[in-house]
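Could you walk me through this model in the viewer, one selection at a time? I would like to know what to pick next and what I will find there.

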Amino acid sequence: MREDDLLVEKVYQQARADEFIWQKAKTLGMSRKKFLQFMTVGAGIAIGSGLPRLRLEEPALAAGEVVKPVPPELFYDYKGIQQEMRWEAMYDRGYLVPNELFYVRNHTATSKIDRQTWRLRVEGSGVSRPREFTYEELLSLPSVSVIRALECAGNGRSFFESVQGKKADGAPWKLGAIGVAEWTGVPLREVLQLAGVKRTAKDVMPEGLDEKKVRRPMSLAKALEEDTLLVYAMNGQTLPADHGFPIRAFVPGWLGAASIKWVGRIEVSETPLFSTWNTESYVLIGSDYQPNPPAKGTIITSQNIKSAFELAWDAKMSASEHLLRGRSWSASGKIAKVEVSLDGGKTWQAARLREPNLDGAWVRWDVDWNARPGKYQLQAKATDTKGNTQPTSVPFNTKGYLYNAVVSHPVTVS
Ligand SMILES: Nc1nc2c(c(=O)[nH]1)N[C@H]1C(S)=C(S)[C@@H](COP(=O)(O)O)O[C@H]1N2
Ligand SMILES: [Mo]
């Protein structure tokens, strides 16, 4: 298999699942021939019975807090550890989400780390020169800046309940668990090369220093991409504590959970790595989804295509001329067009796209609206350059990930 193929999500998931099961089978003394027979019978069913189970801890929500001010006019608060950006607060801003308005998603509390004593350890069977880096050493390496979106896989989760009547587990995000920032840091591949990454390495797993040691693997191919970073600055400022100070991983296009904050260790392995965050959570569980054993559902890697209006939820507006604004984004390419409906999907018009329109970030758009008194359902539907477009509905999954159907935004004009 070529390394490039591993950038294709399905190929990667299948390869790592096969590899995982083969490693387990080998330790049980199964021959390659027997194993291949077993695979064609259906590994997903057999693995639970004949093979050892992974020991995984349950991710629990602990009480915690965020360091930066999170005033209610900028954020919705969920249990003190998840802060959703209010879209109306973006109406009078530019392309980037300022650090003080960027959503926060912590599994526990924000870690407070001293950069003097902080170390990054790179180790595992996939490196020939395991080593540590200090903060200063990391900062002295070549760095790049990229403008990209970071989005939680659960963004849009509340719509499973409000639209489909099925409640999913987790914070009831509307559409504000996303932001676009300029991320500055050292390409992960620089660090991996210094640690002597082997050709035979498969998975790379950054691990957080937070209470739960949040960690999630990526393929070596993804880790070696030029824009997969170890970030130390966000929008030209030292990375804030809530966003992972001193160093966070940034894995563009992938679900937010891959972009591990407060990184203290990176495990590089010749065998596939698993954690609770790619087996129990951040997997699609439901009758429309196939599990990727040992994961309980389809493992999520890439984000999808969505749109949001820069309006309060629900919005109240005066009966007058308005410039309606919003943004659309796709993890698979630039946005090619955005259509807006002011009458709940009956008629559509093209929105004007405003530069910049960066790949992997988002595009700003607007439409004029001479609003008359009444109740409205505003809709926006984006299409990217690869032809991906927002669907009218998304099959339910129990943890409520990747909801990207066209959303009806309630507005009252009086
Ligand atoms: N160490 C650690 N990294 C983490 C998390 C965490 O709880 N601990 N949350 C993840 C999730 S689910 C998301 S969506 C993003 C959120 O990044 P932000 O808080 O900077 O917006 O961080 C990810 N990285
Ligand atoms: Mo997330």
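Start by colouring the chain by pLDDT: this is a predicted model, its mean pLDDT is 91, and 90% of the residues reach 70 or more.

Now select residues 42–64. Here pLDDT stays under 50, although the model does have 47 contacts beyond four places in sequence for this stretch. Where pLDDT is low, predicted coordinates should not be read in detail, so feel free to hide this part for the rest of the tour.

Next, bring up the open sheet of five strands. Reading across, you meet β5, β4, β13, β8 and β9 in that order, and the pairing is mixed. Click on β5 (131–133) and then on β9 (218–219): these are the edges, and because each has a single partner strand, one side of each is left without a neighbour in the sheet.

Stay with this sheet and select β4 (residues 120–123) together with β13 (residues 263–269). The two run parallel and are paired over three bridges. Which residue of β13 is the bridge partner of V122? Pick I266 and you have it.

For the last stop, move to the open sheet of three strands, ordered β1-β2-β3, where the pairing is antiparallel. At its edges are β1 (75–78) and β3 (104–105), each pairing on one side only. Select β2 (residues 82–85) along with β3, and look for the two bridges that join these antiparallel strands. To find one bridge pair, highlight Q82 and its partner in β3, R105.

Terms used. Residues are numbered from 1 along each chain as its sequence is written. Chains are lettered from A and ligands numbered from 1 in the order in which they are written. This is a predicted model: local features need pLDDT of at least 70, side-chain atom pairs count only at pLDDT 80 or more; totals for chains, interfaces and linings use all residues. Side-chain values use heavy atoms; hydrogens and water are left out. Two strands pair if DSSP finds at least two bridges between them. Helices (H or I, at least four residues) and strands (E, at least two) are DSSP runs, numbered from the N terminus. pLDDT is the predictor's confidence in each residue, from 0 to 100. Contact means heavy atoms within 4.5 Å.
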